[in-house]
Amino acid sequence: METLKNIFIKLGSMDRRIIFLLVGLSVLFPLLKPDWFTLPIRPKQHSQIVFDEINKLEAGSKVLLSFEYGPSTKPEIHPMTIALLRHMFVKDIKVYATALWADGNFMSTDAFDEVAAEYNKKIGIDYVNLGFKPGGEAVIKGIASDIRTLYPADLNGTSLDEIPMMQNVNNVEDFDFVFSLSSGTPGSKEWVQYATDPKGIPMSTGCTSIQVTDIVPYVENGQIRGILAGMPGAAEYEELVKMELKSMGLVIKPGEATSMMSAQSMAHVVIVILIIFGNITYYLTRNNKRKGSK
Amino acid sequence: MSAEIFGSWIVVFLTLCIFSYLFDDNPFYKAAEHIFIGVSAGYWAVIAFWQQIQPNLFGRLWPKLEDTGEVSVLQSAWYSIYKVLNFISTGFGALDRSIFPEGGIKGYDEIRLMYLIPFILGIFMLLRLVPKVGWLARWAIAYIVGMTAGLRFYSFLNSDILIQIKASTIDFSSDWGTIINGLIVFIGTLTGLIYFFFSKEHKGSFGTLSKIGIYFLMIKFGASFGFAVMGRISLLIGRINQLKDYSTAEYNYATPTILVVIIISLAIWSFMDGGKKKESAA
Amino acid sequence: MFLKRHMPLFIVISIGLLTLFGHFINNTTIQNFVDNDATQWFDIIASFAIFLGALNMLKLQMLKIIRKQNNWQYSTLAVLGFVVAIFAGFFYRGANYIVVSNVNEINLLPISELLTDELHLENQNTVMSNISDAEDGYEIPKIFMTQSGAEAFMEKLDKFDVNMEIKSKKWGVHLQAKGSLFSWIFFNIFTPLSSTMFALLAFFVASASYRAFRIRNFEATLLLVSGIILMLGRVPIGELIPWWVVAILIVFGVGAISAPWIKDKKIFFGLVVGGIVLFLGVGFAMGWNQSPPQILLIPVIQDWIFDYPTTAGSRALMIGIALGIVATSFRIIVGIERSFLGE
C-alpha cells in the first residue's frame, strides 16, 4: 500500500514531456491501427435536428453557406462541410457560398472541388461561390440588405448578373436557409444578430468545440436550429448522411471525421485518466503534509 | 521532384518544427514561428487588397464605364489619375501587366466620389507609422469605433438580451419534465446574473442565490473545458493524420526522414546548449 | 487640439448615432447609407488597418535586423516570408491554364481519358460532357505555376488535332486558383504553420489538466465532473461505459457529499458498499443489463447537462456580457468613453 502511495506521489512530479508523449501516442495508435479501435457512432439530438432541417428543404431551395473557418480548424469543420454539401447536392438544393474569413475562400474552393464533380453539379447553375469580403458584421449587414452592393462579382470574377442562379437573389431574405460553418468571430453569433434574427430566416450552424457553449443559448431557444459540435458533430452528421444516402441506394466515401473518432475517444480517455491520477496524487500528498504537520 | 512532393516535405518540416517546441524552445521552432509571422502578414495584406480595396474602393472610384463615345472633361481628368496608378503599377512601363486593368475596374457602373472619404481615412490609418502625423489615424479609428458601437448596441440588445430573456420563460402548459428543466434554466440564468451584480454585497439570501449562480457557472465552465479539450485534440488529430499520410513511399517517406533529422539535430543542439549553459554558470 | 481630440469625438458620435438610429429612421437615403455604404467604408478602412499591421510588423523586424538585436537572424526569415507572400500576390501570378477548343467527336473520348488519368478526376463522363458543352473552349481544370509547366502538359495533347491556348487567371482571381504560387504558399506554408500552432495547445491542455485541475472545493468538483462527463459523453467511447459504472460513481458521489455528516468511518464505508451492492442488485434483477435506464447512460447525462445547466450558465454569461457591451457602446456613442483616443 505504501509502495503504491509512493508511486502515485512520484507520478505527480512527472516531467510534462512524458504527458506530451502519452497524449501523442493515444492519438497516433488509433490512426495507425484503425481496425483495433472501431467504435459505433450514434448521432445526438442536436445533430439530428440539423439533419432534419436540411432534409426538410425541397429541391431548388436556396441555402446560404457561410465559410468562417480556416486551415487551423479544418479538421473539425471541413468534414461537416463535405457531408453537408453531399446532403444538399443529393437533394438538388442550390448552394450559395460566402466567406467571412479570408481562409474561407480556400476552404470553400476545396470543398466544392471535392464534392461538386461527384454529383455532376455545375458552378453558376447548382452552386455559386461569392468569396470573401473583410469587415465581419458589416459584411453580414450588407448581405442582409443588398448582396450586389457587396459582391459585384463572384470569386472567379463573373458578374452576378451573368450568373443564372443569382437571378432574384438580392439579400438574405431571398434564401430559404442559412448555414454557418463557424470557428470564431465573425461567425454564427454575428449571423444571428445581424441577419437571421432581424429578418426571420432559419439558420443552423456547425462550429468548433470551443465555441459550442457560447452558441448553446441560441440553440436552446431556436434562434439556431440544432448544432454540429466539433469533430464528433461532424462524424454524427456523416453517419446520418450515409444512412440517408444508403436508403436512396447511393454509396458515399467514408467520412473523414468518422475515421478520426477513435483517436478522439482514446485521447479523451487518457486525459481523464491523467486528471484522476493527478487528483489522487494531490490527495495523497495533502494527507502526507497533514500527517507531517501533526 | 514535383511541386506536390516538394510541398509535402515543406509541410512536414514546418509541422515538426512547431511540434519541436514540446521538447524545448529551440532554433527550429523560432525559425518556423518567424516564417509564420512574415507569411501571414503578407498573406493578409494581399487578400485585403484583392478582395476589398481593388474591387470595392478603386472599383467604385474608377469603374470601367460603358464606352458611349462622350467623355466629359472632368471624367477625363479623373481617369488620368487612374492612368498614373496604372503606369506606376507596371513598374513605370517596364512590365506588360498591371494590377489596375486598362480603362477602369470592372464591377460597378457609376463613379462614387464619396468613396474618397474612406480612401482618405484609410491613408490616415497608414500614417500611424509616421510619428509626427500619427494622430491622424484617430479619425479612421473613430469611424470604426463609432460604427461598431452603433451596430453592436442594437444587435446585442436584441439578440443577446431581449430574445434571451424571452427564451428563459417557462411553458407551464407542457409536461412535468419540460417544466422542471425550464425551471432549472430559469433559476440558473437568474442566479448566474445575480452573481455578476457586484453593487451589493453577497451576503445573506442574496449571497446564497449568488452561490447557486456560481454552481451553474462552474458547470458551464466545466462543459467549456470539456469542449476546449475536444477541440484541441481534434486539431492535433488533423495534423498527425496529415503527417501519417506524408510518411508513405508516394511522398518519399517525408515524415520519418525529417523526424529523424530533427531529432538528431535537437540532440546535438541540446548537448551543445547544455555545455554552453554550464560554461556560463561556471 | 480640435483636430486631435474633438474631431475624432465628433466622428464617433455622429457615426455611432447614425448607425444606431438607422435601424429606426424610415428614410431611404439614410437607410441606404447605413446598410450599404457605411458598412463598405468600414470594410475599406478595416483593410487599411490590415496593411498597417503588416507594415508595422515589417518595420519592427527590419529595426531588429538593422540594430542587430538578440535573435535578429530569425527576423530575416520573417521579412523573407513577407516578401515572398507579397511577390506571389502582386508580382507573379503563377496561375496559367490551358483552353482546348476544336475537339471533334473522334478525339473526345481519348482526350477525356487522358485528362481523367493525368489529373485524377472523378468522373470521365463529366469531363466528356464538359468538353462537348464548352462553346468557347474547354478550360482544363489544372493550374500551372509556370508557363513551361503548361507547355509540357500541352505536349501530351499534341497528338490530337486540337487548338490549345495558354491563358492566365485574372489578377485577384489568381489568389484562389489552386495550383498558383499564392495558393501553394497558402497550403504548404501558411496552413501547416497555423494549424500546428493550434494543435500544439492539445498537449498543453493535457499537461495543465494533470497538474492544476484539483478537487479543492465543491465548485471545483462541479467543474471537474461536468468536464469529464462531457469529454466522455460526446465521443463514441461514452456509449461503451456500462450502466453499473455510472451507478457506482453515483453512489460514490452521494457518499462524498454526505461524508461531512457521517463521522464514523466504518459506518460510512459500510453504507457506501451497501449502497453499491443494493443498486447493482436491483439493476441486475430488473434486467438493466439488456435495457438500462437512460439516466444511467453517460451520453444521456451529458446531453442533459449540455441542454440545461450549461445553457443556463451560458445564458447568464451572454446576458451579462451583452449588458456590458450595450453600456460601453452607449458610453462610446455619447462620447464618455475615450480610451480609443489613447486617453
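Let's start with confidence in chain B of this predicted model: helix α4 (residues 116-126) of chain B has the highest mean, at 94, while helix α8 (residues 254-281) of chain B has the lowest, at 85. For chain B as a whole, the mean pLDDT is 89, and 95% of its residues reach 70 or more. Below is a short tour of a chain contact, the main nonpolar core and the domains of chain C.

**Where chains A and C touch**
- Chain A brings 52 residues to this contact, and chain C brings 49 residues.
- On the chain A side, at least two residues each come from α2 (16-32), α5 (104-115), α6 (137-145), α9 (209-220) and α11 (256-293).
- Of these helices, α11(A) gives the largest share of the chain A side, with 12 residues.
- By character, the chain A side that touches chain C is made up of 23 nonpolar, 18 polar and 11 charged residues.

**The largest nonpolar core**
- This core holds 240 residues, and its largest share, 20 residues, is supplied by helix α2 (residues 27-61) of chain B.
- The residues with the most contacts inside the core are A:Val63, B:Ala140, B:Tyr143, C:Ile45 and C:Ile185.
- Leaving aside residues up to four places away in sequence, C:Ile185 touches B:Val39 in chain B, along with C:Val84, C:Ala85, C:Ala88 and C:Phe190 in chain C.

**Domains of chain C**
- The domain assignment splits chain C into domain 1 (2-91), domain 2 (93-212), domain 3 (213-307) and domain 4 (310-341).
- Between the C-alpha centres of domain 2 and domain 3 of chain C, the distance is 54 Å.

Methods:
Residues numbered from 1 in each chain as written. Chains lettered and ligands numbered in written order. Predicted model: local features only at pLDDT ≥ 70, side-chain atom pairs only at ≥ 80, totals over all residues. pLDDT = per-residue confidence, 0-100. Helix = DSSP H or I, 4+ residues; strand = E, 2+ residues; numbered from the N terminus. Contact = placed C-beta atoms within 7 Å. Nonpolar A, V, L, I, M, F, W, Y, C, P; charged D, E, K, R; others polar. Core = buried A, V, L, I, M, F, W, Y, C linked by C-beta atoms within 7 Å. Buried ≥ 20, exposed ≤ 12 C-beta atoms within 10 Å, placed from the backbone. Domains from an automatic or database assignment.
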